[in-house]
Amino acid sequence: MNVFFVIGIIFCGLMIKLTFHSDFPERESEEFYIVLIITSLFGIMILGCLYYLLKIQILTLTKENLVLSYLFFPYKIKIKFDDIKQIRQISKEVKTSGTLFSEGIHITNSFETYIDLENGKSIKTYALNKYEYQEVLKLIRKLKTGEGKLEVYKQSWIIFLLENFIALVFLILVLVLTIGLSNALFFNN
């Protein structure tokens with residue numbers, strides 16, 4: 001998923017360069033304001049992609065700890081299973097704003113997971129969806145009591161390709177468009 005954010009940043013940056021690649025309109029013309037609005041929109045998209053890329057959290061389970069880290073930061077929180085009082089999840093509905101002729105509709109849920117510690121502190125994470133949350137609870141319970149052990153699940157590349165076919169086709173399409181745009185901007189004057 002984070003590949004899409006990186007490609008989004010690159011694509012929007014290339015679109016800004018494309019906007020400025022042609023002759024720049026005079027300051028008081030309508031075209032100047034259109035170029036300014038387009039550039040601002042792509043700049044906002046870049047900031048949004050960068051925000052979500054930096055916000056990605058990774059939750060890792062070891063034999064004795066739950067480790068919460070960020071994708072691009074060296075910051076890690078190691079929590080021993082004995083220090084965890086409870087893990088709870090709150091679901092929030094995300095709705096559309098609606099239009100003149102229809103009300104907002106329910107699109108999806110946003111999940112906030114709280115790890116409550118024995119010392120009264122609470123750690124909030126967005127790293128788990130509803131199904132992952134249930135599996136993590138089961139695994140922590142088994143690891144705490146010593147019933148279970150961690151096994152590495154190895155998936156064949158054919159099954160991976162079949163499960164992620166649509167995402168991979170979309171990724172290839174976006175990569176071709178981005179590479180074509182960058183080639184046209186930097187090498188064909």
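In this predicted model, confidence along the chain is lowest in strand β5 (residues 106-117), at a mean pLDDT of 78, and highest in strand β3 (residues 76-80), at 89, where pLDDT is the predictor's confidence in each residue on a scale from 0 to 100. The chain as a whole has a mean pLDDT of 81, with 86% of its residues reaching 70 or more. Where pLDDT is low, the predicted coordinates should not be read in detail. Local features accordingly need pLDDT of at least 70 and side-chain atom pairs count only at pLDDT 80 or more, while totals for chains, interfaces and linings use all residues. Residues are numbered from 1 along each chain as its sequence is written, and side-chain values use heavy atoms, with hydrogens and water left out.

The chain contains 5 helices and 6 strands, assigned as DSSP runs numbered from the N terminus (helices H or I of at least four residues, strands E of at least two), and their order along the sequence is α-α-β-β-β-β-β-β-α-α-α. Of the 189 residues, 25% are buried, a class defined by under 20% relative accessible area, as against over 50% for exposed and values in between for partly exposed (1.4 Å probe, protein chains only). With contact taken as heavy atoms within 4.5 Å, residues 24 or more positions apart provide 48% of the contacts in the chain that have a separation of 6 or more.

Helix α1 (residues 2-21) comprises 20 residues and spans 29 Å from its first C-alpha to its last, close to the 28 Å expected at 1.5 Å a residue, the expected span being 1.5 Å times one less than the number of residues. Its buried residues are I7, G8, C12, L14, M15, I16 and T19, and the buried residues of α1 pack against α2 (30-54) and α5 (165-186). In helix α2 lies L41, which at 49% relative accessibility counts as partly exposed; the C-alpha atoms of L41 and C12, 29 residues apart along the chain, are 9.1 Å from each other.

The largest nonpolar core, meaning a set of buried Ala, Val, Leu, Ile, Met, Phe, Trp, Tyr and Cys residues joined through side-chain atoms within 4.5 Å, has 16 residues, of which L66, I79, F81, I84, I87, I115 and I140 touch the most other members. Two or more residues are given to this core by each of β2 (65-70), β4 (84-95), β5 and α3 (130-145), and the largest share, 5 residues, comes from α3. A second, separate core of 8 residues includes M15, I16, I46 and L185.

Within strand β5, L117 is buried, with a relative accessible area of 13%. Beyond its neighbours within four places in sequence, L117 is in contact with I79, D83, I84, K85 and I123, and its C-alpha atom is separated by 5.0 Å from that of K85, 32 residues away along the chain.

Rings of Phe, Tyr and Trp (its six-membered ring) were paired if their centres lie within 6.5 Å, with planes under 30 degrees apart counted as stacked, over 60 as edge-to-face and the rest as tilted. This rule yields 5 aromatic pairs, among them Y51 and Y52, which are edge-to-face at 5.2 Å centre to centre and 75 degrees between the planes. Ring pairs join F5, Y51 and Y52 into a cluster, in which Y52 is partly exposed at a relative accessible area of 46%. In addition, the charged end of K55 sits over the ring of Y126, 4.4 Å from its centre, under the criterion that NZ of Lys or CZ of Arg is within 6 Å of the ring centre and within 35 degrees of the ring normal.
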